[in-house]
Amino acid sequence: MTIPGWATEEGTALFQAKAALPSCAVHEVHSLRLSALGMGTYMGNMDHITDRQQEDALVHLLRLGCNVIDCAPNYRNGRSELSVGRALKRAIGQGIAEREAVFVATKVGLVPENRALPAPFTAGPEHSCYAPPWLRRSLRASLRRLNLETADCVFVHNLELLRLTDTARFEQNFIAVAECMEDMVRDGMTRAWGISSWNGFRVPENHPEYLSLDRLRARSWPHLRYLQLPLGLWGSEAVTGTWQGGESILDHARDLAVFASSPLLQGELAAALGNSSDSIEKAVLFVRDTANVAVTLLGIKQKAHVEAWNRMQHVSYDTLMTLYEFF
């Protein structure tokens with residue numbers, strides 16, 4: 001059965017009050033009380049073992065107070081969304097959480113690798129497609145996999161790929177995408193939308209993938225409320241780069257809720273740190289406590305990941321700075 005509803009101010013507040021997480025572990029995001037460390041679902045094998053690991057991990061995280069989940073249709077070719085859908089059904093059925101307590105985001109724009117686009121759609125760079133009719137079809141399919149009537153946010157996935165598809169017509173094409181996203185909000189498919197980017201907000205203006213937040217918002221998009229981009233000790237351009245109106249993208253996007261992805265650079269930073277759990281957790285907390293970051297997303301599947309998530313809830317920035325150095 002499809003789960004109705006969406007995350008609400010009252011539902012998230014009650015959930016976090018019950019979880020009793022410390023203040024450093026919960027952020028207010030557009031009046032919602034959200035866990036500052038959310039669950040990402042990008043990486044993992046496409047098999048039943050990983051399906052079950054993701055499902056079980058999410059149920060455990062909801063018990064502990066995590067109420068942010070980030071998905072996409074191309075994450076494990078749709079299997080991550082299916083795992084999240086099963087986990088939400090279990091958690092709600094067991095009374096662990098209500099739909100109104102959980103913020104669920106997914107994406108549109110990147111097509112699962114095992115899916116051939118039907119005519120008349122054509123694939124762009126990295127198997128992308130931003131044609132508005134496809135975006136609607138993609139979101140409907142995601143909602144079915146998630147067992148949800150409505151998403152809390154839908155990100156336009158890796159928007160710089162749309163620019164690479166046709167640089168000359170990019171702004172015109174983006175307007176068509178943005179109008180589609182606003183329509184999907186009005187139709188009740190999502191409560192809000194956002195822009196997700198891997199490179200676009202981290203590269204200088206002369207780069208072919210550069211995205212100007214000001215140009216994207218030259219028109220008013222009432223339900224554009226979120227931004228997702230990578231941030232970590234490796235990949236700190238969102239903090240150090242000053243290509244968006246002379247300031248960093250985190251400063252320039254103050255009115256948007258920023259979801260920081262890949263704080264460990266898809267595992268590369270963890271490997272460089274020798275997989276030391278203490279150093280890895282400190283690197284994650286550096287991102288969580290960066291100014292203007294609303295939620296930091298972590299790939300979580302294994303029991304050890306859940307335990308690490310739980311440990312990090314009780315370390316504040318001030319405490320972190322009194323401990324030994326990162327390296």
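Biologist: What makes residues 322–327 a stretch whose coordinates should not be read in detail?

Modeller: This is a predicted model, and pLDDT stays under 50 over residues 322–327. The model has 13 contacts beyond four places in sequence for these residues. Where pLDDT is low, the predicted coordinates should not be read in detail.

Biologist: What is the mean pLDDT of the protein, and how many of its residues reach 70 or more?

Modeller: The mean pLDDT is 92, and 93% of the residues reach 70 or more.

Biologist: Why is the contact of Arg86 with Glu55 called a salt bridge?

Modeller: The closest N and O atoms of Arg86 and Glu55 are 3.1 Å apart. The cut-off is 4 Å between a side-chain nitrogen of Lys or Arg and a carboxyl oxygen of Asp or Glu, so the pair qualifies as a salt bridge. Arg86 lies in helix α3 (residues 79–93) and Glu55 in helix α2 (residues 48–64), 31 residues apart, and the pair links distant parts of the chain.

Biologist: Why is Glu55 called buried, and why does Arg86 count as partly exposed?

Modeller: Glu55 has a relative accessible area of 6%, and buried means under 20%, so Glu55 is buried. Arg86 has 34% relative accessibility, which falls between 20% and 50%, so Arg86 counts as partly exposed.

Biologist: Which other arginine forms a salt bridge with Glu55?

Modeller: Arg90 forms a salt bridge with Glu55, with the closest N and O atoms 3.1 Å apart. This pair also links helix α3, which holds Arg90, to helix α2, which holds Glu55, across 35 residues. At 25% relative accessibility, Arg90 counts as partly exposed. Arg86, Arg90 and Glu55 belong to a network of salt bridges together with Arg52 and Asp56. The whole structure holds 19 salt bridges.

Biologist: How do you know that Arg202 and Glu237 tie together separate parts of the chain?

Modeller: Their side chains meet in a salt bridge at 3.1 Å, N to O. Arg202 lies in the loop between β7 (193–196) and α7 (213–216), and Glu237 lies in helix α8 (residues 237–240), so the pair joins parts that are 35 residues apart in sequence. Arg202 counts as buried at 11% relative accessibility, whereas Glu237 is partly exposed at 26%.

Biologist: What makes the charged end of Arg202 sit over the ring of Trp198?

Modeller: The charged end of Arg202 is 5.4 Å from the centre of the Trp198 ring. The distance limit is 6 Å, so this part of the criterion is met; the pair is listed as a charge over a ring.

Biologist: Why is the aromatic pair of Phe103 and Tyr226 called tilted?

Modeller: A search of the whole structure finds ten aromatic pairs. In the pair of Phe103 and Tyr226 the ring centres are 5.4 Å apart, with 55° between the planes. The centres lie within 6.5 Å, and the angle is neither under 30 degrees nor over 60, so the pair is tilted. Phe103 lies in strand β5 (residues 103–108) and Tyr226 in strand β8 (residues 224–230), so the pair ties together parts 123 residues apart in sequence. Phe103 and Tyr226 are both buried, and ring pairs link them with Phe155 and Phe259 into a cluster.

Biologist: How do you know that strands β1 and β2 pair?

Modeller: Strand β1 (residues 26–29) and strand β2 (residues 32–35) share four bridges in the antiparallel sense. At least two bridges are required, so the strands pair. Val26 has Ser35 in β2 as its bridge partner. The two strands form a hairpin with two residues between them, and His30 in the turn has a positive phi of about 50°.

Terms used. Residues numbered from 1 in each chain as written. Predicted model: local features only at pLDDT ≥ 70, side-chain atom pairs only at ≥ 80, totals over all residues. Heavy atoms only, no water. Buried < 20%, exposed > 50% of the residue type's maximum accessible area, 1.4 Å probe, protein only. Phe/Tyr/Trp six-rings, centres within 6.5 Å; stacked < 30°, edge-to-face > 60°. Lys NZ or Arg CZ within 6 Å of the ring centre and 35° of its normal. pLDDT = per-residue confidence, 0-100. Contact = heavy atoms within 4.5 Å.
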